[in-house]
There are 2 protein chains.
Amino acid sequence: MSPTPPTLQRITVLSGGMGGARFLQGLLHGLAGGQVPGGSEATEVTVVANTADDIWVHGLKVCPDLDTVMYTLGDGIDPGRGWGRREETWSVKTELAAYGVEPTWFGLGDRDVATHLVRTQMLAAGYPLSDVTTALCRRWLTPLGARLRLLPMTDDRVETHVAIADPDAPSGRRVVHFQEYWIRLRAEVPAETVVVVGLDTSTPAPGVLDAIAQADLVVLPPSNPVVSVGTILGVPGVRDAVAATDARVVGLSPIVGDGPVRGMARQMLESIGVEVSAGAVGRHYGARGPGSTGVLDAWLIDERDAAQLPALEAAGLRSRAVPLMMTDHDATARMAAAAVEAAFAGTAS
Amino acid sequence: MSPTPPTLQRITVLSGGMGGARFLQGLLHGLAGGQVPGGSEATEVTVVANTADDIWVHGLKVCPDLDTVMYTLGDGIDPGRGWGRREETWSVKTELAAYGVEPTWFGLGDRDVATHLVRTQMLAAGYPLSDVTTALCRRWLTPLGARLRLLPMTDDRVETHVAIADPDAPSGRRVVHFQEYWIRLRAEVPAETVVVVGLDTSTPAPGVLDAIAQADLVVLPPSNPVVSVGTILGVPGVRDAVAATDARVVGLSPIVGDGPVRGMARQMLESIGVEVSAGAVGRHYGARGPGSTGVLDAWLIDERDAAQLPALEAAGLRSRAVPLMMTDHDATARMAAAAVEAAFAGTAS
């Protein structure tokens with residue numbers, strides 16, 4: 001039996017888009033319902049969201065992960081697609097295509113455009129992205145109470161580009177924006193390299209390092225380990241903050257069984273030479289400890305992958321196999337509860 | 001009986017929004033149908049449109065008169081409203097209001113937003129407004145044939161502001177953008193002064209002066225004489241070009257009977273001390289001639305205002321009273337035909 005975790009005053013989640021947003025829904029549901037050990041409605045949740053797949057399109061600054069988290073938690077998301085606004089209309093996109101303006105492959109809904117217009121205008125007026133995000137969240141997250149905050153990982157421009165083979169190019173390869181790779185090319189061609197432009201020189205947005213340092217628990221939700229959580233950890237200072245925090249750090253595998261649950265984890269992992277398995281992702285994150293660059297105290301994999309537990313334990317990573325499918329809020333809340341239990345296993349209550 | 005006008009190779013129209021656009025529809029209809037003396041489908045029509053009521057709103061560059069002309073002639077206008085796109089949706093506007101972002105009074109339709117996005121992005125990329133307008137017109141005007149061109153009066157930023165009484169302001173007055181005066185305040189308060197910021201230092205867009213100099217006929221359609229035609233004539237060089245052209249110059253009164261046919265002509269005329277009548281507007285434009293700053297060879301007023309003809313003739317302005325209500329394309333084509341006849345009255349055929 002696991003020891004009782006301490007009262008959770010602050011949880012910080014390093015989130016990508018869809019996977020992270022759905023995990024957060026379940027976490028909030030579990031906190032409100034008393035399903036998360038040590039947690040309650042009073043637990044403060046800070047989301048540090050990936051901004052490395054942001055894109056400028058038609059002159060608008062689009063932040064897919066920030067918006068997916070914001071819309072999902074604020075009940076504005078289209079639940080079928082998992083991105084963009086519910087009851088969306090597509091007049092702007094239709095008209096841009098009628099003008100023959102590229103790109104035509106980006107899913108720019110009319111309701112969504114309003115968010116991008118507000119963001120773009122505030123950025124043009126000189127506000128940093130973190131302030132803009134706070135302003136946008138006033139609409140979406142205020143109804144959920146003051147305990148929830150959404151922060152971009154950085155206020156700096158960071159953009160993920162993917163190198164793919166292109167026999168027609170003189171160099172034999174071509175570099176495309178991550179969104180083009182993901183949406184237009186559907187991640188169907190191998191990614192030779194992933195280059196995150198601007199990451200090395202970026203600085204964490206205000207509040208990010210404090211949110212990691214002052215948390216009781218830091219969660220790496222089942223987001224893409226390369227282009228979502230990986231880029232957040234790649235902002236200079238963030239990985240060190242995770243290594244140094246007094247909080248427990250727990251991750252949940254986005255890989256279940258033989259393939260990715262969603263997203264293009266396969267291509268991204270292969271591009272950095274990491275095997276596509278729950279165990280390999282856990283070992284890629286690594287166990288925290290003196291002299292280690294690892295970030296995890298505990299790692300959750302799906303029960304179907306239980307055979308990978310011994311190798312994880314051998315690598316020094318406390319791991320558990322539990323159901324990891326976010327089929328509904330209750331199932332996801334149980335994942336959050338299991339993550340808390342795993343994180344605090346072996347501690348005095 | 002009027003003498004036959006010469007073959008009309010080129011007609012240049014100095015246009016505002018709705019009134020000018022409807023006149024142009026009738027003119028093109030009349031040219032295509034052989035109703036305009038001397039004109040034919042081969043007649044080249046150049047529209048020089050007012051840009052002084054342009055506005056930046058939500059970070060988008062909106063050019064109401066250019067768009068009204070473009071949408072009207074390209075059959076994209078909402079015929080009921082007379083502005084904006086047909087089959088419009090309003091998701092962006094609804095969402096901006098949900099974010100609490102001002103202004104909420106501006107009618108920003110979703111389809112319309114696409115036009116503004118293309119324009120704004122091209123302007124940001126360094127293209128002048130005239131190039132942007134040409135690019136947008138490729139979609140709207142190309143089906144009408146190469147004989148039709150739409151030019152902004154200038155590529156420079158020019159903005160009309162209106163001073164109104166405001167007892168709460170220390171100075172006792174407040175200055176609002178023309179669009180705010182017209183849309184939000186519905187032109188229901190007196191305009192103390194109209195200030196067209198940037199007009200004095202603007203230069204005509206490429207092609208504007210040539211279009212006036214090389215025309216056979218220049219038309220001042222029934223647009224607002226102050227904030228539409230007046231601002232076009234106010235671009236340095238334009239009034240001189242109209243005075244110097246070998247073309248005949250004819251105007252059609254926007255004032256019929258006791259009040260304006262549309263728009264806020266009354267308030268605008270009163271703000272510059274001109275009586276609100278067809279005759280007064282004609283005398284305000286003035287008769288061309290040596291030593292005169294007038295711009296007209298002929299002036300059309302509505303038949304209901306025929307009593308004003310003697311005063312116009314006394315002022316040296318050749319005038320005619322004809323039906324001036326643009327009830328349908330045929331009626332408007334007859335106005336265009338009457339304008340041509342009046343312009344070339346007294347010339348050898």
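Between chain A and chain B, twelve residue pairs are in polar contact, counting pairs with both residues at pLDDT 80 or more. Keep in mind as you look around that this is a predicted model. On the chain A side, four helices each put at least two residues into the surface that touches chain B: H2 (64-73), H3 (91-98), H4 (110-124) and H5 (129-140). H4(A) gives the largest share, with eight residues. Sort the chain A side by class and you get 14 nonpolar, six polar and five charged residues.

How much surface goes into this contact? Chain A and chain B bury about 2100 Å² between them, and 63% of that is on carbon and sulfur atoms. Each partner brings its own set to the contact: 25 residues come from chain A and 25 residues from chain B.

Now for the charges. Side chains of opposite charge can pair when their charged atoms come close. Across the interface of chain A and chain B there are six salt bridges. One to pull up on screen is Arg139(B) with Glu95(A), where N and O are 2.7 Å apart. Looking at Glu95(B), you'll find a network: salt bridges with shared partners join Glu95(B) with Arg85(A), Arg111(A) and Arg139(A).

How do the two chains relate to each other? A turn of 180 degrees, with a shift of 0.0 Å along the axis, lays chain A on chain B with an RMSD of 0.0 Å. The two copies are therefore related as by a two-fold rotation axis. Both copies use the same surface, as 100% of the contact residues of chain A recur in chain B. To find the axis on screen, go to Asp110(A): of the chain A residues, Asp110(A) comes closest to the axis, with its C-alpha at 3.3 Å.

Let's step away from the interface. Over all chains, the whole structure has 30 salt bridges. Take Arg184(A) and Glu180(A), which meet at 2.9 Å, N to O. They sit four residues apart in helix H6 (residues 178-184) of chain A, so about one helical turn separates them. Arg184(A) is partly exposed, with a relative accessible area of 37%, while Glu180(A) counts as buried at 18% relative accessibility.

Over in chain B, Asp75(B) and Arg86(B) form a salt bridge at 2.8 Å, N to O. Both lie in the loop between helix H2 (64-73) and helix H3 (91-98) of chain B, so this pair ties together parts that are eleven residues apart in sequence. Asp75(B) is exposed, at 53% relative accessibility, and Arg86(B) is partly exposed, at 29%. Then there's the pair of Asp297(B) and Arg288(B), with the closest N and O atoms 2.9 Å apart. Are these two residues buried or exposed? Asp297(B) and Arg288(B) are both buried.

Last stop: helix H11 (residues 278-285) of chain B, which is mostly covered, with six of its eight residues buried. Those buried residues are Ala278(B), Gly279(B), Ala280(B), Val281(B), Gly282(B) and Tyr285(B). What do they pack against? Their partners in chain B are strands S9 (217-220), S11 (255-256) and S13 (298-302), along with helices H8 (229-234), H10 (265-271) and H12 (309-314). Right after H11(B) comes Gly286(B), which has a positive phi near 85 degrees.

Terms used: Residues numbered from 1 in each chain as written. Chains lettered and ligands numbered in written order. Predicted model: local features only at pLDDT ≥ 70, side-chain atom pairs only at ≥ 80, totals over all residues. Heavy atoms only, no water. Contact = heavy atoms within 4.5 Å. Buried area = accessible area lost by both parts, 1.4 Å probe. Salt bridge = Lys/Arg side-chain N within 4 Å of Asp/Glu carboxyl O. Polar contact = N/O pair within 3.5 Å; in protein donor to acceptor, adjacent residues only side chain to side chain. Nonpolar A, V, L, I, M, F, W, Y, C, P; charged D, E, K, R; others polar. Buried < 20%, exposed > 50% of the residue type's maximum accessible area, 1.4 Å probe, protein only. Least-squares fit on C-alpha atoms with pLDDT ≥ 70 in both.
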